[in-house]
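Open the model in your viewer and keep the selection panel at hand. The tour below moves from place to place, saying at each stop what to select and what is found there.

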Amino acid sequence: MNKVQANQTTAQPLLSSTAKIAIIGGGVAGSTIALRFAELGLNTTLIEKGPSLVNGPPICHLHAGGNLYREICDEQCITLLQQSIDTVRVYPQSVNVRPTVIALPKTDHGQPEDLLPRLEKLRAKYSELVAKDSRNKVLGEPADYFRFYSRDEVDVLRSKAIPNEATQDSDWLISFAHHVDLDRLKFPVLLVQEYGLSAFRFAAIASLAIDTLPSCHLQTDSQVVAIIQQKTALGWQVSTQYQQSQTIHHQQFDYVINACGFKSGEIDDMVSAKRKRMVEFKAAYVAHWPECQGLWPEIVFYGERGTPQGMAQLTPYPDGYFQLHGMTQDITLFDQGLVASCQQSAQPKLAQRFIEKIDKQWPEQLVNNRTLGSIEHIAQFVPGFNTATVAAKPLFGAQQIPGEDADLRTADVSFYGQHYARTEIVKASSALAAADAILQNLVDCGLIAESELGNYLTEHYFPISQQCSEYEVTERAIMLAKQRDYPIALAKNL
Ligand SMILES: Cc1cc2nc3c(=O)[nH]c(=O)nc-3n(C[C@H](O)[C@H](O)[C@H](O)COP(=O)(O)OP(=O)(O)OC[C@H]3O[C@@H](n4cnc5c(N)ncnc54)[C@H](O)[C@@H]3O)c2cc1C
């Protein structure tokens with residue numbers, strides 16, 4: 001029995017390190033790092049300003065190959081594929097297993113065959129990963145990673161009834177064949193094994209597992225207001241303010257991880273750490289279309305970002321609910337929604353109107369206008385969708401993008417000075433890579449003995465998190481959806 005298998009049965013702390021680690025921010029990055037460390041028995045304190053975990057900008061798509069982004073390089077797509085596979089292995093209960101159909105409108109500048117070279121590279125990489133370790137086979141057979149369907153093949157599917165379960169890949173295209181205006185598209189269309197990722201189910205797993213892990217100390221409703229480097233040691237004094245009182249609480253830590261998402265610059269400024277980064281405010285919308293029935297894939301209609309023809313994305317949930325993105329200035333994107341840091345501050349400054357949307361609420365008329373705009377955007381291609389209605393407030397938030405390339409989609413972590421790391425993920429699936437890099441840094445700093453870590457430096461060891469049952473995750477995710485005022489369908493598995 002190797003070290004990993006031996007300890008899965010005993011659940012004893014694996015590491016003797018007494019280092020005290022603070023993680024500021026309980027989004028997908030901070031929660032993943034807290035789980036990764038606490039599963040190993042490290043003394044971890046997770047400090048979150050809000051009342052619950054993973055309550056930041058939305059997450060609906062597992063970018064297992066980055067095929068939504070034609071503008072990024074193949075290397076980023078391959079990294080997204082690898083990181084997504086790791087994410088499915090660690091958090092299988094957070095994944096909505098259904099493929100994505102990608103179609104090019106006739107107005108689009110590209111051709112479907114332009115996608116082929118990258119898809120072949122991704123399929124080869126997936127085959128290689130599966131050959132190396134069969135546990136990586138989480139996206140189906142490598143040979144079936146993607147498939148193109150001609151107009152004739154899609155036309156044949158129109159005569160079939162929309163099924164409730166898929167027995168073969170083409171079953172996922174039957175609702176597409178019935179409801180999409182095929183004359184507006186170039187053929188062939190692509191079906192690729194990019195699944196959905198549920199933010200509510202992710203939040204549920206994180207909170208259930210953290211409740212059970214004795215070495216993880218969760219402090220919610222606690223905002224970090226100051227950090228001071230200690231003079232005598234390499235540690236930090238972290239000051240937090242409980243949201244309901246004025247009292248400031250000081251705590252000492254050996255290592256601090258800044259996982260504050262789009263607010264990471266505020267913590268960087270507290271420790272005078274310079275960093276170039278951008279922050280982008282975006283929103284997705286929730287619509288109800290009860291007429292829809294049966295099996296739906298995610299459907300993406302390509303288009304040029306920021307123009308009225310920007311990409312349209314339809315993400316299905318149970319009971320006729322859909323999440324919608326439209327990469328136009330009137331739907332998902334916002335005028336002046338992308339801002340950069342400056343010489344004086346590592347925190348990019350979003351206009352007050354965005355901060356008010358994040359901290360307070362959206363004006364009702366704006367919710368209606370933008371959601372109806374997103375419905376209309378989808379209805380260009382799915383005509384029946386024009387009867388869909390506004391189902392909830394938008395899913396929205398700001399995300400950070402490190403550096404100066406607004407198209408960057410894969411990033412994980414950077415370090416400043418000693419005993420200070422900041423997570424800089426752009427996609428949820430990069431959170432594990434951030435955790436791994438910080439674990440390595442703890443070894444490099446001498447806070448963890450490498451000899452004790454052994455396989456765990458590379459092996460994702462999450463026995464407690466992985467014990468969460470489907471039932472428990474669904475129950476907790478539904479509770480969170482209700483608390484946050486969203487339809488419970490968004491919390492259910494497809
Ligand atoms: C519209 C939209 C759609 C998206 N869709 C997808 C998608 O489909 N798939 C995908 O992978 N990614 C998607 N993303 C990106 C994804 O949401 C982010 O990458 C991810 O949420 C970032 O996680 P994080 O943990 O770094 O930050 P966050 O989730 O922002 O978490 C940071 C946490 O830090 C806390 N915090 C901040 N300051 C303090 C402080 N001083 N003290 C204590 N706590 C503090 C905050 O309350 C917050 O909970 C989308 C983003 C947007 C905007």
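Begin by selecting serine 239 together with histidine 250, since in this predicted model histidine 250, in strand 11, is the bridge partner of serine 239. Now widen the selection to strand 10, residues 236–242, and to strand 11, and you will have two strands that pair in the antiparallel sense over six bridges. Add strand 9, and the selection becomes an open sheet of three strands in the order 9-10-11, with antiparallel pairing. Strand 9 and strand 11 (248–253) stand at the edges of this sheet with a single partner strand each, so one side of each is left without a neighbour in the sheet. If you look along the sheet, the twist from one strand to the next averages 25 degrees.

Keep strand 9 selected and show the ligand as well, because strand 9 gives three residues to the shell around the ligand, which is the largest share. Helix 2 (28–39), strand 9 (222–229), strand 13 (277–288) and strand 19 (395–402) can be coloured next, as each of them supplies at least two residues of that shell. Where does the ligand lie with respect to domain 1 and domain 2? Colour domain 1 (20–56 + 200–273 + 405–491) and domain 2 (75–198 + 277–402) separately: both give residues to the shell, so the ligand lies between them.

Next, display the 33 residues around the ligand, of which Glu48, Pro58, His61, Val426 and Ala428 come nearest. Coloured by character, the residues of the shell divide into 16 nonpolar, 12 polar and five charged. Three pairs of atoms deserve a distance label here. A polar side-chain atom of glutamate 48 lies 2.7 Å from an oxygen atom of the ligand, while a polar backbone atom of valine 224 is 3.0 Å from a nitrogen atom of the ligand. At alanine 428, a backbone N or O atom lies 2.8 Å from an oxygen atom of the ligand. The ligand taken alone exposes 1,000 Å², and the protein buries 94% of that.

Move on to a second sheet by selecting threonine 45, which stands opposite histidine 217 in strand 8. Strand 2, residues 43–47, pairs with strand 8 in the parallel sense over four bridges. The open sheet to show around this pair has six strands in the order 8-2-1-12-21-20, and its pairing is mixed. Its edge strands are strand 8 (216–219) and strand 20 (413–415), each of which pairs on one side only. From one strand to the next, the twist in this sheet averages 20 degrees.

Two stops on the backbone remain. Most residues other than glycine have a negative phi, and most peptide bonds are trans. Select phenylalanine 187 and proline 188, and you will find that the peptide bond between them is cis, with omega near 5 degrees; proline 188 has its place in strand 6, residues 185–192. Finally, go to glutamine 336, which is in the loop between strand 16 (321–326) and strand 17 (338–340). Although glutamine 336 is not a glycine, its phi is positive, at about 60 degrees.

Definitions and conventions:
Residues are numbered from 1 along each chain as its sequence is written. This is a predicted model: local features need pLDDT of at least 70, side-chain atom pairs count only at pLDDT 80 or more; totals for chains, interfaces and linings use all residues. Side-chain values use heavy atoms; hydrogens and water are left out. A residue is near a molecule or strand if one of its heavy atoms lies within 4 Å of it. A polar contact is a pair of N or O atoms within 3.5 Å; within protein, one must be able to donate a hydrogen and the other to accept it, and residues adjacent in sequence count only if both atoms are side-chain atoms. Accessible areas come from the Shrake-Rupley method with a 1.4 Å probe; for residues, only the protein chains shown count as cover. Ala, Val, Leu, Ile, Met, Phe, Trp, Tyr, Cys and Pro count as nonpolar, Asp, Glu, Lys and Arg as charged, and the others, Gly among them, as polar. Domain bounds come from an automatic or database domain assignment. Two strands pair if DSSP finds at least two bridges between them. Axes are lines fitted to C-alpha atoms, for helices over the stretch in contact, and angles run from 0 to 180 degrees between N-to-C directions.
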